[in-house]
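Work through the exercises below with the sequence and the model side by side. Each task is followed by a solution in steps.

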Amino acid sequence: MIFAIYEIANGRLVFMTEDPSSYIGPPLSAAALNRNEYPDPMVEQWDADALCFRPFVRRTITHLKFLNRFTSAEFAMIKAGCAANMDLDFAWQKFFAAEFIDLDDAETVAGVMVLEQVGLLANGRAAEVLG
């Protein structure tokens, strides 16, 4: 059987093991997963509130819905930024080369965060766009 070892205070998953008694370290707790195989992180994710694995649901949207998350002023700033910076333009073009926008994809998150970091989005807007 596989056990999930997690922090008691916040439920954060620390590691998984077949033998929780072998753990030596700060106080943690264990939850039996009632399975003999380790969870596949591409299919399941740890739910820190329920202390179990849940099916991983990707948040995907169309390109139009992605564009609608920006104001017209933000879009104008992004387009101007892309015209002035080829690296930024390349990152922006990659959004639309994809079949869909995956809001949980590391590259999507990084790309939107860059827009905020270079000042094309106001502070906090990247989280709103990705939310």
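## Exercises on cavity, pocket, T17 and confidence

The structure shown is a predicted model.

**Exercise 1.** Find which element gives the most to the lining of the largest cavity, and describe that lining.

*Solution.*
Step 1. The element is α3, which contributes four residues.
Step 2. Count the candidates: the structure has one cavity of 30 Å³ or more. The volume of the largest cavity is about 30 Å³.
Step 3. List the lining: L88, A91, W92, F95, G111 and L115. Two or more of the lining residues come from each of α3 and α4.
Step 4. Sort the lining by class: five residues are nonpolar, one is polar and none is charged.

**Exercise 2.** Describe the largest pocket: state its volume, the residues closest to its centre and the elements that supply its lining.

*Solution.*
Step 1. The volume of the largest pocket is about 280 Å³.
Step 2. The pocket is lined by 13 residues, and those closest to its centre are K94, F95, D105, E107 and T108.
Step 3. At least two lining residues come from each of α3 (86–97), β7 (101–102) and α4 (106–117). The largest share belongs to α4, with five residues.
Step 4. By class, the pocket lining has seven nonpolar, two polar and four charged residues.
Step 5. Set the two linings side by side: F95 is listed for the cavity and is also among the residues closest to the centre of the pocket.

**Exercise 3.** Decide whether T17 counts as buried or exposed, and describe its surroundings.

*Solution.*
Step 1. Locate the residue: T17 belongs to strand β2, which covers residues 13–17.
Step 2. The relative accessibility of T17 is 12%. Buried means under 20%, so T17 counts as buried.
Step 3. Look for a polar partner: a polar atom of the T17 side chain lies 3.0 Å from the backbone nitrogen of D19.
Step 4. Leave aside neighbours within four places in sequence; T17 is then in contact with M1, I2, F3, I5, S22 and Y38.

**Exercise 4.** State which elements of the protein chain have the lowest and the highest mean pLDDT.

*Solution.*
Step 1. Begin with the whole chain: the average pLDDT is 90, and 100% of the residues score at least 70.
Step 2. Turn to the elements: the lowest mean, 85, belongs to strand β3 (residues 29–32), and the highest, 96, to helix α5 (residues 125–130).
Step 3. Keep a reading rule in mind: predicted coordinates should not be read in detail where pLDDT is low.

Conventions
Residues numbered from 1 in each chain as written. Predicted model: local features only at pLDDT ≥ 70, side-chain atom pairs only at ≥ 80, totals over all residues. Heavy atoms only, no water. Buried < 20%, exposed > 50% of the residue type's maximum accessible area, 1.4 Å probe, protein only. Polar contact = N/O pair within 3.5 Å; in protein donor to acceptor, adjacent residues only side chain to side chain. Contact = heavy atoms within 4.5 Å. pLDDT = per-residue confidence, 0-100. 1 Å grid on protein atoms, 1.4 Å probe; cavity = no way out; pocket = protein on both sides within 12 Å on 5 of 7 lines; lining within 4 Å. Points joined across faces, edges and corners; volume = space filled by probe spheres on them. Nonpolar A, V, L, I, M, F, W, Y, C, P; charged D, E, K, R; others polar.
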